[in-house]
Amino acid sequence: MSDLTATVNVTKNGFHVDGYEKISYDFTFLDGVFNPENPQLAECYKRWGRVLAVTDLNVYNVYGEQIEKYFEHHEIDLKVHKTKIGEKAKTIPTFLSIVDSMTEFGIYRKEPVLVVGGGLVTDVAGNTNFIRVPTTVIGLIDASVSIKVAVNYGNYKNRLGAYHAPMHTFLDFTFLRTLPTAQIRNGFAELIKISTCSHLDTFNLLDKYCEQLIDTGFGRTDGAPKEVREAADEINREGIHEMLKLETPNLHEIGLDRVIAYGHTWSPMHELVPETPLRHGHAISIDMAYSATLANSRKLISDEEHRRILNLFSRAGLSMDHPQFDEDILDKGTAAILKTRDGKLRAAVPNPIGSCTFINDIDVSELNDALRRHKELMKEYPRNGEGIEAYVDASDTGYTDNNKQEVQALEKAAEEAGSLNGNGHIHGGKVENGEPNGTNGIKEKMANGSAKGLTNGVNGFTNGARA
C-alpha cells in the first residue's frame with residue numbers, strides 16, 4: 001500500500017508540486033496459507049466479507065477445492081476468475097478479461113483482489129489493490145519481490161505496465177510439492193541470477209545441492225532429506241532478502257544499474273522469438289551463461305569461476321544456448337535494451353562470483369567474438385548447451401503448439417481491439433475500416449467480454465473448449 005503527501009506552491013508563472021509516496025507492504029512466510037487453521041489470509045478480507053480471486057487454471061485444478069473450503073470455513077464469499085496465461089497470452093486483452101471480472105464483481109476502489117498463481121498471473125492481475133499468493137519458484141523468489149506489473153507487447157516482454165505494490169504477500173513453499181519439475185528448474189534460474197552477482201553463500205548452496213533441490217521441490221516432497229529442506233529454506237529466505245535489499249531502494253527502477261538485471265540484457269528479445277516461447281528461466285539462463293563468457297573474456301571472472309557457473313547451469317538442466325540466439329538477435333536485443341536503459345548497455349556480469357559490475361564500453365565485434373567463443377564452449381556440454389524442457393507447455397497454462405485455436409482467437413480479438421486506438425493498427429497489422437473510439441460495436445463487445453463470443457474477454461476458454 002502507499003500513502004502520498006504533497007505540497008503545492010505558487011510560482012511566478014504557475015504552480016510547483018512536490019510529492020512523496022510512502023510505500024509499505026508485508027511478506028509473511030506461512031506454510032499452508034489455505035489451511036482453515038491459518039486465519040491470516042482470511043483476516044485480510046473480514047472487513048469485506050467477500051473476495052475476488054484471480055488464479056490460473058492449473059492452480060485452480062489442484063487447489064480450487066481447498067481454496068473454496070478455506071473461505072467457506074471463514075464465512076467469506078468467494079468468486080474465482082480462472083485464466084490461462086502464458087507469455088503469449090500475457091497481453092492487454094488478457095488483462096481486460098480480468099477487468100471485466102472486477103466490474104462484474106463490483107469491486108470497491110480499496111478492496112483487494114486476491115491473486116494466486118505464478119509470476120505471470122501476479123504480473124497481469126496486480127493493477128489494483130491486491131494480495132499476492134505466489135505458487136511457483138519464480139513467483140515466490142522473484143516476482144513476489146518486484147512491484148512492477150506489466151504485460152507483453154509484440155515480441156517485447158513487460159512492454160506496458162506500471163509500479164503497484166501489493167498490500168501483502170504470503171509466501172507458502174508447500175505449493176512446490178505439486179509443482180512440475182520443469183517449473184522447479186525454471187525458477188532455479190532466478191536463484192542462480194541473484195546469487196551469482198550478489199550472494200556467494202547462496203551460490204555455494206545451490207552448487208552443493210543442485211540436483212537434490214530440483215528433484216525434491218526444494219525439499220518439500222515426501223521423503224526429502226532434512227538437510228536438503230534446511231538448505232532450501234536458507235536459500236529461499238536469503239534469496240528473497242537479498243532481492244529485497246537490492247530492489248527496495250529502487251522500487252520504481254529509476255536507477256538503471258540493477259544487479260538483478262543479470263540475465264536480462266538480451267533475453268527480453270530472445271525469449272519470445274521461438275514459435276513456442278522459451279520458459280523465462282531458460283531464456284535468462286542463456287543470457288547469463290553468455291554474459292559469464294563475456295565476463296571471462298574480459299578477465300572479470302577466472303576460468304575456474306566461468307566453468308563453475310556454466311557447470312551449474314548444465315547440472316540444473318537449464319539452457320545455455322539456442323540456435324536462434326545468434327548475432328542478429330544479439331544486435332536487435334542490444335538496440336532494444338539501449339532504449340530501455342537510457343542509451344547505455346548496463347549489462348550486469350559477475351566480477352567475481354557473488355558480486356557484480358556493469359559493462360557499457362563494448363562494441364559489436366566484441367559481443368560477436370564472445371558469442372562465437374560461447375557457442376564453441378557449448379559443444380562440450382550435453383545437448384550443445386540446450387536445456388531440458390526449455391519450452392512452455394500445458395503446465396504454463398499458456399497458448400502453445402497444442403492449442404493453436406486459442407492463439408488465433410486471442411490474436412483476432414486483439415486485432416479488433418486495435419480499432420479502439422482510432423487508427424486501425426496493432427502489432428504492425430491493419431484492421432480494415434478501423435474506427436475511432438471503438439465504434440462499430442467493438443468497444444461494447446470488449447467491455448462486455450464478448451468479442452467474437454469469447455467469455456471473460458478474449459481469454460475465455462474453459463477446459464480447452466470454446467465458450
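Helix H2, which spans residues 57-73 and holds 17 residues, reaches 23 Å from its first C-alpha to its last, close to the 24 Å expected at 1.5 Å a residue. The model in which this helix is seen is a predicted one, and the account below starts from H2 before turning to other parts of the chain.

**Helix H2 and its surroundings**

Although the end-to-end span of H2 is close to the expected value, the helix has a kink of about 70°, centred on tyrosine 63. Tyrosine 63 is also one of the buried residues of H2, a set made up of Leu57, Val59, Tyr60, Tyr63, Gly64, Ile67, Tyr70 and Phe71. The cover over these buried residues includes H1 together with three strands, namely E4 (50-56), E5 (77-83) and E6 (113-117). At the start of the helix, a side-chain oxygen of aspartate 56 comes to within 3.0 Å of the backbone nitrogen of asparagine 58. Just after the helix, glutamate 75 adopts a positive phi of about 60°.

**Asparagine 38**

Asparagine 38 sits in the loop between strand E3 (26-29) and helix H1 (40-43). Is asparagine 38 buried or exposed? With a relative accessible area of 17%, asparagine 38 is buried, because that value falls under the 20% cut-off. Once its neighbours within four places in sequence are left aside, asparagine 38 is in contact with Leu30, Asp31, Gly32, Val33, Tyr70 and His74. One of these partners, Tyr70, is itself a buried residue of H2. Another partner, aspartate 31, offers its backbone oxygen, which the side chain of asparagine 38 reaches at 3.3 Å.

**Strand E7**

Strand E6, already named as part of the cover over H2, runs parallel to E7 and is joined to it by 5 bridges. Within this pairing, glycine 117 has proline 134 of E7 as its bridge partner. How many of the residues of strand E7 (residues 130-134) are buried? The count is 5 of the 5, so the strand is largely enclosed by the rest of the structure. Phe130, Arg132 and Pro134 point one way from E7, while Ile131 and Val133 point the other way, and all are buried, the arginine included.

**Serine 267**

Serine 267 belongs to helix H9 (residues 267-270) and is buried, with a relative accessible area of 1%. Its side chain reaches the backbone oxygen of glycine 263 at 2.7 Å. Not counting residues up to four places away in sequence, serine 267 touches Ala283, Ile284 and Asp287. Serine 267 and isoleucine 337, which are 70 residues apart in sequence, are 9.9 Å apart in space from C-alpha to C-alpha.

**Backbone exceptions in loops**

Most residues other than glycine have a negative phi, and most peptide bonds are trans. Two loop residues with a positive phi are set side by side below.

| Residue | Phi | Loop | Relative accessibility |
|---|---|---|---|
| Glutamate 253 | near 55° | between helix H8 (226-247) and H9 | 14%, buried |
| Asparagine 384 | near 55° | between helix H13 (364-378) and helix H14 (404-417) | 46%, partly exposed |

As for the peptide bonds, asparagine 351 and proline 352 are joined by a cis bond with an omega of about -10°. Proline 352 lies in the loop between strand E11 (347-350) and strand E12 (356-359).

**The chain as a whole, and confidence**

The protein chain has 15 helices and 16 strands, and buried residues make up 54% of its 467 residues. Of the contacts in the chain with a separation of 6 or more, 72% come from residues 24 or more positions apart.

The average pLDDT of the protein chain is 85, and 84% of the residues score at least 70. Over residues 398-411, however, the pLDDT is below 50, and this stretch has 28 contacts in the model beyond near neighbours in sequence. The pLDDT is likewise below 50 over residues 417-467, a stretch for which the model shows 87 contacts beyond near neighbours in sequence. Where pLDDT is low, the predicted coordinates should not be read in detail.

Terms used. Residues are numbered from 1 along each chain as its sequence is written. This is a predicted model: local features need pLDDT of at least 70, side-chain atom pairs count only at pLDDT 80 or more; totals for chains, interfaces and linings use all residues. Side-chain values use heavy atoms; hydrogens and water are left out. Helices (H or I, at least four residues) and strands (E, at least two) are DSSP runs, numbered from the N terminus. Buried means under 20% relative accessible area, exposed over 50%, partly exposed in between (1.4 Å probe, protein chains only). A polar contact is a pair of N or O atoms within 3.5 Å; within protein, one must be able to donate a hydrogen and the other to accept it, and residues adjacent in sequence count only if both atoms are side-chain atoms. Contact means heavy atoms within 4.5 Å. The expected span of a helix is 1.5 Å times one less than its number of residues. The bend at a residue is the angle between axes fitted to the seven residues ending there and the seven starting there. pLDDT is the predictor's confidence in each residue, from 0 to 100. Two strands pair if DSSP finds at least two bridges between them.
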